[in-house]
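Opening a fresh page for this one. I want to look up strands first, then cores, then cavities.

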Amino acid sequence: MSEYDARGKVNRALLISVDDYRTLRPLPAVKDNVHKLEQALLAPGTDLFTKGEVVTCRPQEPWEVEQALDTVVQEARGLLLVYFSGHGRVGSDGGNLHLMVGASERRHKTVSWQDTVLSYLDNARADRIVIVLECCYAGNASEAFHSCRHPTSLLMAAQPNRRIFSGEEPTGGSVFNRALVQILEQGIPGKRFVTFEDLVRALREQLAGERTPMGDVWEPRSAKQNTVDDVILSFATPEARPPTPLRIRLRRRLKPSLRRWTGLLLILAIIFVPAVTGVVLLQLPNDGAPCPPALELRLLTAPEAEPALRRAAFDYEMSETNTRPLTGEGNLPDGCRRAQITVYSAARDQVDQGFAAAERWQGEALGTGKARPADKGIDPLNRPGPQPDIWIPESTADYDEARRGMPATTSPATLHYSAPVAYTPLVVGIPESRRLDDVEPADASWPELLTQTDGSHHDLSLLRPSPVLSGTGLLHTLGLYLAHDGPDGTSTGAPDLTLARQAEERLSAPGSQYAGSTELLCSLRPDTGTDAAGSVDRAKSAPLVSEKSLADYNLGHAIGSCPARPSALPFRNRYLAYYPRSVPALDHPLVRVDWQGATDATVRKAAVASFAAWLRAPDGGQRTLTAQGYRGVRETSPPPGSPLRDSRADVDPVGPVVPFTAGPEQVSQVLDGYDKAQKSSQVLILMDTSTSMADGGRLPVALSAAGRALEMAGPRHTYGLWAFPDRAHPADADAVRELVHLGSADPAPGKAALDRIAGGELVEHGAAMEEALTRALRTMKKSPATNKAIVLLLDQDDGAGRRAASVERTLGALLEEKPGVPILALVLGRSGCDTFAFRQLAGASHGQCVPAGPQAVDTLAGRIASIGTAAKGDR
């Protein structure tokens, strides 16, 4: 996993602590928390924050917290750390966490975690945000946390609905704070530095023998949003510590002189007339001048590649290539960054839609965008995101498809293709306990793989990322369909549709498609509990993924929404990589995106060229990318230290890298063949629109998930949209609102209905899930569609307390009746998919329950894409 190193950037730490309350019980143990933590953060061994970058706050009024937050979010550019220690309070339902300041009463003068803290952090300009909440009910903060828009890591002092300290600990800091300070100051044995995830693990170990005031085991919790990489919080280590890089030491030494020069210039400006001041300024030495704002480049990529490219972008920003003055840049002080790179990701279909609607994409950014009928409600600025300057797709095939969907002459975006920056072969993961007889892992043909995994041999289900959503899925499909074209898949002929249908029959298990390799493998991790949700049997599954993602899975690295494990997976849970000889490797080309009318086009072009050259340099980006598990562009064998050379990765370090040689027309034909091989499908979107969905950022997630389902609508993939409870009949638990009739192929009415819901069309009444689901199941059972499913979007079942026992019996009987209707549920409440009811629904219907998280919407989209693949006789 990549680690974010914020040294040398403008960092801020806001330490908030409240020990003295006017109306609440005082917390004497908290009195020293801020001082002790400030000392730890400024200690030489921690080596991250410098004096002036740590701000303390002991608020008596809520506005003091808001003022402090407003200051640090405006100033921080690298790492922003926010720490709170004091009383916390939640509502009777366990939601809406409030942080209590000195003047707080039980329900007044409080700081809302959701409405205040997260709102301020949404405006932050920092690369990474880390939040530490040490208060009662800190674990309840995770409910609203998934609404964060920035790469953010959250450490909660205890699990949900727990108080954590009585306030009677010895002086010198609370129990949690003392453990936190010790780890940051002393480091962790065997570690070169302390990352966020290291800190969480170490805190759990130190507090394992402690109990909360309620008598429970004390277990700190953590969560991450919009990032799967890690953040370094301290460089302290019990081992020999390498010196701080020279460029960072020099920059820190310059800071006092910068302040002195600033003061001198201010005095001169006051004393002398502007003309004289101008002369003086021209004569001042350049060495101590402050850094001008860096040019921001936006880099769009696939979700699987985002963590590695974030690491590469940071390494480039701090490299000499980006910080040393160039000819003609005499006004740029040494050590200043010329460019900073923002990395974000989106699924393949969303990127295609963005470039196809580039005119609207640019117009929305400028505030002049208008939808066209062909856009079908696409909102590129929301997803994929800002207009990119650089696009690094998973493969050249992705680039070919995006080009094919763009207008020939009217698009304001121009894509400039250039060479790959890294490779990763595609593989089939076979359970270690089911190695294939007489098949060579490094040179396996698809006919051999298909035969050896069929029902007569090892009886394995082939699981593939969706070709529509994932570049990995697209290239695996390319290899499958062209398996008859020879050992290297270089034929330019059209794919054999008979072969395509045969291949799809092997990939037709319900729920067999995912949004990418990482989410597919995350669902197979033995510590995710997915078996209970009725989805996959990892011992009988063969995932079609990338070599890098399979190595990450086997080594226990963070993957998809699954956090890193403390060690590699045991042998029995690992997959062995088989390399199909006909499948081209992902080649990750770099594409420069020029936008018509840009006033700084020349500067951006030069900045992109500099970054591209660094990415391909052996001592630059190649070193960073190969350390993440990619193959190099010049030497495809992984270098020493690559995770691919770890025997526990179960990949072949010298496995073949098949070049991509298919033409755009062939890629188009493969996708057309895939589409024709699919069966028609029908989904009924059943959405909870009670007022509780507006809490904790749940509604935007649910609307995004429903919108993704609508994107798949068409003549062969129809839908219906229902909402519950019914605002016209609030007392009728069985009533639903049929917003779009079942069988619609036009996404526009669904998009309009979702817009109305987003505008506040909610119902102030509990949502009775089982009653609404019973009605939906009865309707879907009567539908003539062969392949169908219900997409259920809700926070929790609000009708359980007043439900008649007969409802549950009726629902259970319907689930067992034929034909089967899978239920794909996205549960946004605190308990997620952990409740028996949702596990039972997923298992009994052969569906899937998707808990809330950063990848939840794309994960659900992959499951919905699988509905059209389900066929009679599926295993």
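In which sense do strand β8 and β9 pair, and over how many bridges? I looked it up in what is a predicted model: β8 (residues 128-135) and β9 pair in the parallel sense, with five bridges. One pair I jotted down is Val 132, which stands opposite Leu 155 of β9.

**Other side of β9.** I checked strand β11 (residues 221-225) next. It runs antiparallel to β9, and five bridges join the two. Here Thr 152 has Gln 225 of β11 as its bridge partner.

**Cover on β9.** Is β9 (residues 152-156) mostly covered or mostly open? Mostly covered: I find five of its five residues buried. Going by direction, Thr 152, Leu 154 and Met 156 point one way, while Ser 153 and Leu 155 point the other way. Both sets are buried.

**Largest nonpolar core.** I pulled up its 43 residues and asked which ones touch the most other members. They are Leu 41, Phe 176 and Leu 180. Elements that each supply at least two residues to this core include β2 (12-17), α1 (33-42), β4 (79-86) and β8, and also α5 (175-186), α6 (196-206) and β12 (230-234). The biggest giver is α5, with seven residues.

**Phe 176 up close.** I skipped its neighbours within four places in sequence and listed the contacts of Phe 176: Val 132, Glu 134, Leu 155, Ala 157, Leu 203, Leu 207, Trp 218 and Pro 220. So the list holds both Val 132 and Leu 155, the β8/β9 pair I noted above.

**A second core.** Apart from that one I found another core, of 41 residues. Val 72, Val 111, Ala 124 and Cys 135 are among them.

**Asn 33.** I stopped at this residue in helix α1. Why does Asn 33 count as buried? Because its relative accessibility is 0%, and the cut-off for buried is under 20%. Leaving out residues up to four places away in sequence, I see Asn 33 touching Ser 17, Tyr 83, Ser 85, Glu 134, Gly 173, Ser 174 and Asn 177. Glu 134 is in contact with Phe 176 too.

**Cavities.** How many cavities of 30 Å³ or more does the structure hold? I get seven. The largest has a volume of about 110 Å³. Its lining is made up of 13 residues, and Pro 303, Glu 304, Ala 515, Gly 516 and Thr 518 lie nearest the centre. By type, I noted five nonpolar, four polar and four charged residues in that lining.

Notes: Residues numbered from 1 in each chain as written. Predicted model: local features only at pLDDT ≥ 70, side-chain atom pairs only at ≥ 80, totals over all residues. Heavy atoms only, no water. Buried < 20%, exposed > 50% of the residue type's maximum accessible area, 1.4 Å probe, protein only. Helix = DSSP H or I, 4+ residues; strand = E, 2+ residues; numbered from the N terminus. Pairing = 2+ DSSP bridges. Core = buried A, V, L, I, M, F, W, Y, C linked by side-chain atoms within 4.5 Å. Contact = heavy atoms within 4.5 Å. 1 Å grid on protein atoms, 1.4 Å probe; cavity = no way out; pocket = protein on both sides within 12 Å on 5 of 7 lines; lining within 4 Å. Points joined across faces, edges and corners; volume = space filled by probe spheres on them. Nonpolar A, V, L, I, M, F, W, Y, C, P; charged D, E, K, R; others polar.
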